[in-house]
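Biologist: Please take a close look at one part of this model, beginning with a pairing of strands, and then place that part in its wider context. A connected account, with the reasoning stated wherever a classification depends on it, would be most useful.

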Amino acid sequence: MSTTPTAIPTIFIVDDDPAVLKALTRLLQIEGFAVRSFHSPEAFLAQHDPAAPGCILLDMAMPSLDGLALQRALQASGCERFIIFITGRGDIPSSVQAMKAGAVDVLTKPFEDQHLLDAIRIAVARDDSAREMVARLQSIQRRLATLTRREREVLEHVVTGQLNKQIAADLGTVEKTIKVHRARVMEKMGVSSLAELVRLAVQFGLEDDRAFCSDPRAGNSGIATPFASGY
Amino acid sequence: MDKKLRLVTAALLVGAAYYYGAIIGFALTFHPQPISIFWPPNSILLGALLLAPPRWWWLFLISAFAAHLTAEMQSGVPTTMVLAWFASNCSEALVGAVAMRGFAPGGLRFDYFRHVSLFLFFCAFLAPFLSSFLDAALVKIIGWGEGDYWQLWRLRFFSNVLAALAFIPVLLTWRMDSFASARKASFLRRTEICLLALSLFTVSVVVFINGSNAAAAPISLYAPLPILLWAAVRFPPIAFSLSFLAVTFLAIGGAVHGHGPFLSKSPPENALSIQLFLIAVSVTLLLLSSVMQECRQTQEALRQKEEKLRLALSAARMDTWDWDIRENKATYSPDSKSIFGLDDGNTGISMESFALMLHPDDRRATMAAISRVIEEGTSYEVEFRIVRPDGQTRWVMGKGAVMRDAAQRPVRMLGVNIDITDQQQAALEAQKQREQLTHLTRVAVLGKFSGALAHELNQPLTAILCNAQAAQRLLSRPAVSVADIREILQDIVDEAKRAAEVIRRMRALFMKGEPKLQPMDLNEVVGEVLRIAHTDLVSRKVSVALHLESKLNTVLGDRVQIQQVLLNLVINACEAMAGNMPEKRRLDLLTEARTGGNVRIAVSDTGPGIAADAIGRLFEPFFTTKVHGLGFGLSVSHSIVAEHGGCIEAVNNPHGGATFRITLPPQAGELS
């Protein structure tokens, strides 16, 4: 099903303390992650590649722009990444704020490497599945784009469970024509059964509205859909 | 009203006394001579004038005039003579009274030798002397009675002198309290008074009333003398005055009735003998009595002064000493016992035994101070400890002065020792409390940095843990690069050192200890304080601007305490700016050289500044403008800076915010 091969996830580390930055980088590299380290939030914003899979390891307290502010800035720019916060203070209000804003975890310094790695694996997995979901939706969208106008209309009717005869009546044509369209839709969408077609439509979240024609980014998929921009 | 009543009563009393005095005078007149040998009214009037303020005199004179008229008219004296005599009597009283008021304005006192001398001259001699000329002349002009002018003059003079000596002292020493004190006197004293009165009466009666004009008369004449002497020497002047008045009455009364030792010649001659005898006795013994009383009073005053001094010395825990340098013997006041814990050996202590009483640590300095003053100085003041025989240590302040002879050789030293143990202990206690308060406020200031401290320590610990666990992971693999492991270990070592440095920096501030003076560069102190406050400043989003003068004098002080003061100011500045937007939170730290080599540190913020009513009270203890402030930080800062000989002040900046300035003096010898 998955379309893109899984690249090595990149961990973006942002910490103003060079020694901590270096140690974290070393640990994660040993564990096989691609690491990009930044000594300030500004440097991160300037250099980071939203397309690269992975997550952010973010120090909460930094001189110019603290971790929470960076989180907000990323969200505001529409580029959301899974973030693991590390904090020297472990104060509850900012941890709660971070978690509410979607952080994967908040680790209080100093922390066990296993906790860090667990959190990173969770974040990477979420990133991976989110990317996969996006990729799937994109492939559905690509296939949808190949349908003609009539074929889309047929598809809409088919997934609501109407019989060919009813669809033909609705569209003002004959049942045989609908059958042809339907076979073309199945072929273009790459499915071999009606059930599969319906599941595809459900995944896209469009069984009961007209979103087939709308931008998939507005799709009400019910899951976090990050990195919408840049695709 | 009350005053007027008293005035009228006094005037009536004077009139009555004058009247009865005149009656007595008439009774003691040897006819056919017109003049009495003992004439009290003039003395009574003079006594009254001496007792009363001059503004009452006119009333007394009127009252006396009335009494004079009443008495003289009875005795059938012609009116012109009556008036003339009143004139001469008044002149006598006025001369005496005016003279005494001039020379003894505070009132005539018979316990002062000088006053008695003045009294004898003006009242007992000059006034009768002058008025007698007038009197005798008037008698001659009017032609009343017999006798030539000089005879009359003499009679008048001596009778008035005797009356003055007999009456005026009694009038002026007659006070109710002198009788009250007699009642309060001891049993022996009262017995003595009774014995005096009894023997005086007995002897006088035997000599002047019962005594016949026998051959033994001249000797018996002197019999009352020892008793009068007794009264003069042993008792206040009132006793002699009364005794003498009694003897005078008895002697004259006896003579008039034909008794006593003076009846060998004619009445005028007898009178003269009595008068001369009594005058001689009175003058001598009045003077003696005053001298004795003065002496007693001086002794009493001295005793009271000594008592006061003793009380004062004992209250001040002081004692006095007197060291005879040549004899090497010191005499201590009795209270030395309380300070030095001496037994009865408070006489004849040598300098060596004094030195042995001193605390060994203070002995050298104290003895050096004393020998220095003996050699060249005049006085010294030194604090030392002594160890008492019971083992107690006490703090003593010694002050002393050297007395030198004509050849400038030291002869004596006089001095006081003051027990200052309590003051010393209180001062030590206060010092300890101040240190405790200083430390507590420092801990409180640091408490505000505790989050920052945790962060400071967490950074290296995080790095160390990460590195160590990375190494463990590396080592679990088949192929291990030694170079990698070495690099990791080096990082661990570096970070551990960094953590140790954080601890070291903080520990000095948390530790409690006596202030340690050391030279320091204030720029360095500013740097240290910023390192401690760094994380806090970061999390408070306060930016720091440094303006450090490159060449500053070093300052002698306690580094930790100065750091504390600066940290407190930095924290206050940060808190003052908490309401600002982050980009408007700027802390300015400035050091500069001031006049006189002084060094200044200024901490400026961009907060709201200090309210006008608060600016004068900022450094008072318990004064605070913060909701949860205790009001200790700045007051302790103030005392720390003051102890360093510097000053701290707060001003509002012209463009908003406040500046705290600390000015410290340079280390001695560093004046530029």
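**A parallel pairing and its surroundings**

Modeller: In chain A of this predicted model, strands S3(A) and S4(A) (residues 83-87) run parallel and are joined by four bridges. Within this pairing, A:Leu57 has A:Ile84 of S4(A) opposite it. Between the two strands the chain passes through helix H3(A) (residues 67-76), and the resulting β-α-β crossover is right-handed.

S3(A) also pairs with strand S1(A) (residues 10-14); that arrangement is again parallel and comprises five bridges. One residue of S1(A), A:Val14, has A:Leu58 of S3(A) as its bridge partner. S3(A) itself, spanning residues 54-59, is mostly covered, with six of its six residues buried.

The wider chain gives this part its setting. Chain A contains nine helices and five strands. Read from the N terminus, their order is β-α-β-α-β-α-β-α-β-α-α-α-α-α. Of its 231 residues, 46% are classed as buried. A contrasting position is A:Lys165, which belongs to helix H7(A) (residues 164-171). Its relative accessibility is 60%, above the 50% cut-off, and A:Lys165 is therefore counted as exposed. The C-alpha atoms of A:Lys165 and A:Ile178 are 8.1 Å apart, with 13 residues separating the two in sequence.

Chain B offers antiparallel pairings to set beside the parallel ones. Strand S1(B) and strand S5(B) (residues 410-419) are antiparallel, and seven bridges connect them. Here B:Thr320 is bridged to B:Val416 of S5(B). S1(B) is also antiparallel to S2(B), through four bridges, and B:Trp323 has B:Ala330 as its partner in S2(B). These two strands form a hairpin with four residues between them, and in the turn B:Asn328 has a positive phi of about 50°.

The side chains of S1(B) can be assigned to two faces. In a regular strand, side chains alternate between the two faces of the sheet. In S1(B), B:Asp319, B:Trp321 and B:Trp323 point to one face and are buried, whereas B:Met318, B:Thr320, B:Asp322 and B:Asp324 point to the other and are not.

The hairpin strands also contribute to an enclosed space. Across the whole structure, the search returns four cavities of 30 Å³ or more. The largest cavity holds about 70 Å³ of space. Its lining includes B:Trp321, B:Trp323, B:Ala330 and B:Tyr332, together with B:Met351, B:Phe354 and B:Asn417. Two or more lining residues come from each of strand S1 (318-324), strand S2 (329-332) and helix H14 (351-357) of chain B.

Aromatic contacts complete the picture. A pair of aromatic rings is described by the distance between the centres and the angle between the planes. The structure has 29 aromatic pairs over all chains. For B:Phe103 and B:Phe122, the ring centres are 4.9 Å apart and the planes meet at 25°, so this pair is stacked. B:Phe103 is in helix H4(B) (residues 79-103) and B:Phe122 is in helix H5(B) (residues 113-142), so the contact ties together parts that are 19 residues apart in sequence. The two rings are covered to differing degrees: B:Phe103, at 42% relative accessibility, is partly exposed, while B:Phe122, at a relative accessible area of 11%, is buried because the cut-off for burial is under 20%.

B:Phe121 and B:Phe125 form another aromatic pair, 5.8 Å from centre to centre with 40° between the planes, which is classed as tilted. Both belong to helix H5(B), four residues apart, or about one turn of the helix. B:Phe121 is partly exposed at 42% relative accessible area, and B:Phe125 is likewise partly exposed at 34%.

These four residues belong to one aromatic cluster, whose other members are B:Phe129, B:Phe133, B:Tyr149, B:Trp150, B:Trp153, B:Phe157 and B:Phe158. A contact of another kind involves B:Arg109, which lies over the face of B:Tyr112 at 4.8 Å from the ring centre.

Key. Residues are numbered from 1 along each chain as its sequence is written. Chains are lettered from A and ligands numbered from 1 in the order in which they are written. This is a predicted model: local features need pLDDT of at least 70, side-chain atom pairs count only at pLDDT 80 or more; totals for chains, interfaces and linings use all residues. Side-chain values use heavy atoms; hydrogens and water are left out. Rings of Phe, Tyr and Trp (its six-membered ring) pair if their centres lie within 6.5 Å; planes under 30 degrees apart count as stacked, over 60 as edge-to-face and the rest as tilted. Buried means under 20% relative accessible area, exposed over 50%, partly exposed in between (1.4 Å probe, protein chains only). A charge sits over a ring if NZ of Lys or CZ of Arg is within 6 Å of the ring centre and within 35 degrees of the ring normal. Two strands pair if DSSP finds at least two bridges between them. A crossover is right-handed if, with the strands pointing away from the viewer, the path from the first strand over the helix to the second runs clockwise. On a 1 Å grid over the protein atoms alone, a cavity is a set of points where a 1.4 Å probe fits but cannot get out, and a pocket is an open set with protein on both sides within 12 Å along at least five of seven lines; lining residues have an atom within 4 Å of a point. Grid points are joined across faces, edges and corners, and a volume is the space filled by probe spheres set on the points.
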